[in-house]
Amino acid sequence: MTTHLLKQRLLFGSISVLSLVALSFAFTQPPVQASSAAQAPAPATDASAAKQGEALFQQSCAFCHGRDAMGGETGPDLTRSKLVLGDKTGDQIMAVIHEGRIEKKMPPFPFAPPELRSLVAFIRARVVVADSEKGGRRGVDVADLQTGNVEQGKKFFDGPGTCSKCHSPAGDLAGIASRHKGLELEMRMLYPRDARSKVSVTMSTGKSITGTLAYLDEFTVGLRDAEGIYHSWSIENVKYKVDSPVDAHVEMFPKYTDDDIHNLMAYLQTLR
Ligand code: HEC
Ligand code: HEC
């Protein structure tokens, strides 16, 4: 995995909170006029990107995908979309918006890159909101929880290079179905969020220090060492390497079929 991709991912994590602030603000404001959104300059920050994206989304997308991006009569719930959740860089989401899927009734939108990015920022902010709405998720796919085949799920789990590489049903996942129920379990399986990335930073002197990644943007890398002390460096002065344990999940995501997910869910629900 390249540093670039990792940065994107980390940025996504930290921005989401900002975006939420921006969104809660945006939702209390009267809707932005369509024309101002379309002509808006490149977003300066990602919080403002999500806000611009919101305006654009309400104008161009909401009547199919719903105001909250959670699905409408003629467009799917984007907060549960495998494509959206698995797209680390935003490139796939932007491609769908730009090219459309005409045969499936998703029209193309010839937006400029900053506008596309603002839509991605908005959709991602909506994913975070949707995940935090406990039990209130619309479009709950009850089928995922009920129609799977336990045997097939176990087979997939034990398969070479898949889940059993990192997990054990008698170890870390023992009792997982008692700790997390239904859709929450499914979201944890598909996109675990709690795991902390490690980073090791090597200074120009050759000295290196490893810890939990605490900050990363274009200019600065920061970590917390074993004592919990925060250190940070200007990126141009050091080399650093990030190890993000959940990348495997995100990378597997586009490879699952719906049946795989149903089966895995059926199997995980036996781990009580
Ligand atoms: C006329 C209705 C309509 C409009 C307007 C519309 N979409 Fe869609 N969109 C769809 C449909 C239908 C699909 C599902 C296509 C398919 O099944 O492959 C879709 C799919 C998508 C997907 C891919 C989801 C996935 O899981 O594959 C994204 C992302 C998306 N739309 C974003 C947008 C954005 C952003 C806008 C506004 C700029 C927008 N759409 C406007 C109908 C619409
Ligand atoms: C390369 C290692 C790796 C692979 C492969 C992997 N996972 Fe994970 N998984 C993780 C890490 C790391 C976490 C985060 C652990 C945490 O948050 O405590 C995690 C979290 C989870 C969780 C949430 C656990 C919790 O307590 O919230 C579930 C469920 C899960 N994985 C299921 C699976 C399934 C099913 C597969 C196979 C389809 C799989 N994982 C493949 C590393 C992996």
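Colleague: What is the relative accessibility of Asp158?
Modeller: This is a predicted model, where local features need pLDDT of at least 70, side-chain atom pairs count only at pLDDT 80 or more, and totals for chains, interfaces and linings use all residues. Residues are numbered from 1 along each chain as its sequence is written, chains are lettered from A and ligands numbered from 1 in the order in which they are written, and side-chain values use heavy atoms, without hydrogens and water. Buried means under 20% relative accessible area, exposed over 50%, and partly exposed in between (1.4 Å probe, protein chains only). Asp158 falls in the partly exposed class, with a value of 38%.

Colleague: Which side chain meets that of Asp158 in a salt bridge?
Modeller: A salt bridge here is a side-chain nitrogen of Lys or Arg within 4 Å of a carboxyl oxygen of Asp or Glu, and the count is one. Its N to O distance is 2.7 Å. The two residues are four apart in helix H9 (residues 150-158), so about one helical turn separates them; helices are DSSP runs of H or I, at least four residues, numbered from the N terminus. The partner of Asp158, itself partly exposed at 36%, is Lys154.

Colleague: What geometry does the site of the iron atom of ligand 1 have?
Modeller: Donors are N, O and S atoms within 2.8 Å of the metal (3.2 Å for Na, K and Ca). From the protein, His65 (NE2) and Met106 (SD) coordinate the iron at 2.0 Å. Six donors are octahedral if opposite ones are over 155 degrees apart and all others between 65 and 115. The six donor atoms here make angles of 87 to 178 degrees, and the site is octahedral.

Colleague: How many residues apart in sequence are the parts that His65 and Met106 tie together?
Modeller: Both residues are buried. His65 lies in helix H4 (residues 62-65), while Met106 is in the loop between helix H6 (91-99) and helix H7 (113-132). The pair therefore ties together parts whose separation in residues is 41.

Colleague: How many residues of the shell around ligand 1 are nonpolar?
Modeller: The shell takes residues with a heavy atom within 4 Å of the ligand; there are 21, and Cys61, Cys64, His65, Arg101 and Met106 are the closest. Nonpolar covers Ala, Val, Leu, Ile, Met, Phe, Trp, Tyr, Cys and Pro; charged covers Asp, Glu, Lys and Arg; the others, Gly among them, are polar. Four shell residues are polar and three charged, and the nonpolar ones number 14.

Colleague: How far is the side chain of Arg101 from an oxygen atom of ligand 1?
Modeller: A nitrogen atom of the ligand is 2.8 Å from a side-chain N or O atom of His65. Ser81 places a polar side-chain atom 2.6 Å from a ligand oxygen. For an N or O atom in the side chain of Arg101, the distance to a ligand oxygen is 2.6 Å.

Colleague: Which residue in the loop between H6 and H7 has a positive phi of about 75 degrees?
Modeller: Most residues other than glycine have a negative phi. Ala69, in the loop between H4 and H5, is an exception with a positive phi of about 70 degrees, and is buried at 0%. The residue asked for is exposed at 70%; its name is Lys105.

Technical notes
Four donors count as tetrahedral if all angles lie between 85 and 135 degrees; four count as square planar and six as octahedral if opposite donors are over 155 degrees apart and all others between 65 and 115; anything else is irregular. A polar contact is a pair of N or O atoms within 3.5 Å; within protein, one must be able to donate a hydrogen and the other to accept it, and residues adjacent in sequence count only if both atoms are side-chain atoms.
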